[in-house]
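Thanks for making time for this, everyone. I would like to walk through one model, starting from the inside and working outwards, so please have a look at it before I go on.

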Amino acid sequence: MRQAARRLRKVARQRGHAFASLVLAQMVNLGVILVITRIYAPAAFGRYAALAAVAAVLGGASSLRLDVAATTADAADAAVLLRTARRLNITVGCLVMVAALSWQGLTAALGVAAVFEAVALGAATAAIGLSTTLVYARVRDRRYGLVAASKLLTAVVQGAGQIGLGLFGRTAAVLLIATALGYAAAALLLARPAPHEAGATRCGVREVLNRHRGFMVASAPAGLINGLTMNVPLFIAAMAVGSAQAADLALALRVGALPSALFGQALMPILYGEIAHQLRSAQEQALVRYDRALTGLSICGAAVLTVLSFGMYSAAPQVLGPQWVHVGPMMLLLTPFLVGQFAVVPLSQTLSGAGFNERQLIWDVCRLGMAVAAFLPLVAGWSDLGVAVALYSAAMVGAYLAHVVLSRQALKGIRRAAVAVPSTADRSDRLMLRTGDA
């Protein structure tokens, strides 16, 4: 009894330390935003935001979701999946760099600055991919304290780089290099292999990948589409109204994402890790975990983001400078979307983890279509950027509600199956069949 109590206290301390690291990381991010908006011009910040979005989308998708598959796979399969994912991260980063150089050459803009920007983009893509893969590797081991420490390290190194390197050049490429350094530092911290990663596999790589093909065929495209959907506003705004106006939207999205990153997305590995653990060991409890997490995130998100949005509306010109006067109105328009993002995104891998990769893919495709449709009036010249952002915000709220319904239905089905087949071995077999692991 005493041993169990000590174990619970130890877990509580670890979670407390992890949360403190996440809070500090977001405080660093907020401080950096206040500084770099004074150092860098809106046009440079807008271009950086668009390029960083490209790196985030491609870097996050580069693993083909094999890192997510590793969280529910057995130890031998997980070693192969994580090793393959890391190689894919580096390969995609190199391809992005080559593609950027080729594009600059075709547009007759290839010079020293263009080469530097292309290299920075490729490095940021690879670093983001490696960091994400290693986060899932540590999530599988339930080493949440290390994951939280990596978030803090990313914020510190990236922020110091963006401020320090800004003394030598205030371009988008400089900001990208600092981003790459931040994620690379996190990847180095997380590169501490667990025993299962060093173990010998029972079979070849092809056989392992075939068992987990559902993640590559359905979940990976869903992840790529999800990344595109999240960045559609920025991409279209940059093309339709230019980098300067896109900078207002980019800064509003970044400031609005800080609470989500703190309480939501930064906790995503922990929340999903616990649900994945329940899916492996006690499937009938997974729905309870999901509901508790969703309720807490919804209440917290509504309170925090409402206060933040009205604060930015009234204080942005004084705090960030007069050049950012339109950031506050953008924040107000985005508030419904930001609340939904806060509550649902940390749990967005639940459908895939439960084995419903096809539903996740269909949902992501529909959400991307809704996001693009919201900006069609802007592209056609029928509305201004504010109307398009309001339509996008409303469309995303509807999409998040649909995801909650789908996730709860999936977990309810698994719970009924677990109650009907109560033995651990049978539960494991049923989950493997659903996720394509057998």
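**From the core to the surface**

In this predicted model, the largest nonpolar core is made up of 79 residues, and those with the most contacts inside it are Leu 176, Leu 251, Leu 334, Phe 337, Phe 375 and Tyr 392. If we ask where the largest share of this core comes from, it is helix α17, spanning residues 385–420, which supplies 11 residues. Apart from this core there lies another one, of 15 residues, and Val 68, Ala 69, Val 208 and Leu 209 are among them.

Let me return to Leu 334, which, once residues up to four places away in sequence are left out of the count, touches Leu 249, Ala 252, Leu 253, Val 389, Tyr 392 and Ser 393.

Now to the surface, where Leu 30, Leu 34, Val 35 and Val 319 form a nonpolar patch, with about 280 Å² of accessible area together. Helix α1, residues 2–39, contributes the largest share of that patch, namely three residues, while Val 319 is found in helix α13, which covers residues 286–320. Val 319 counts as partly exposed because its relative accessible area is 42%, and the partly exposed class lies between the 20% and 50% cut-offs.

Finally, Met 239, which lies in helix α10, residues 213–241, has a relative accessible area of 70% and is therefore classed as exposed. Met 239 and Val 379 are separated by 140 residues in sequence, and their C-alpha atoms are 8.8 Å apart in space.

Technical notes. Residues are numbered from 1 along each chain as its sequence is written. This is a predicted model: local features need pLDDT of at least 70, side-chain atom pairs count only at pLDDT 80 or more; totals for chains, interfaces and linings use all residues. Side-chain values use heavy atoms; hydrogens and water are left out. Helices (H or I, at least four residues) and strands (E, at least two) are DSSP runs, numbered from the N terminus. Buried means under 20% relative accessible area, exposed over 50%, partly exposed in between (1.4 Å probe, protein chains only). A nonpolar core is a set of buried Ala, Val, Leu, Ile, Met, Phe, Trp, Tyr and Cys residues joined through side-chain atoms within 4.5 Å. Contact means heavy atoms within 4.5 Å. Patches are made of residues with over 30% relative accessible area and no salt bridge: like charges are joined within 9 Å, nonpolar side chains (Val, Leu, Ile, Met, Phe, Trp, Tyr) within 5 Å. Accessible areas come from the Shrake-Rupley method with a 1.4 Å probe; for residues, only the protein chains shown count as cover. A salt bridge is a side-chain nitrogen of Lys or Arg within 4 Å of a carboxyl oxygen of Asp or Glu.
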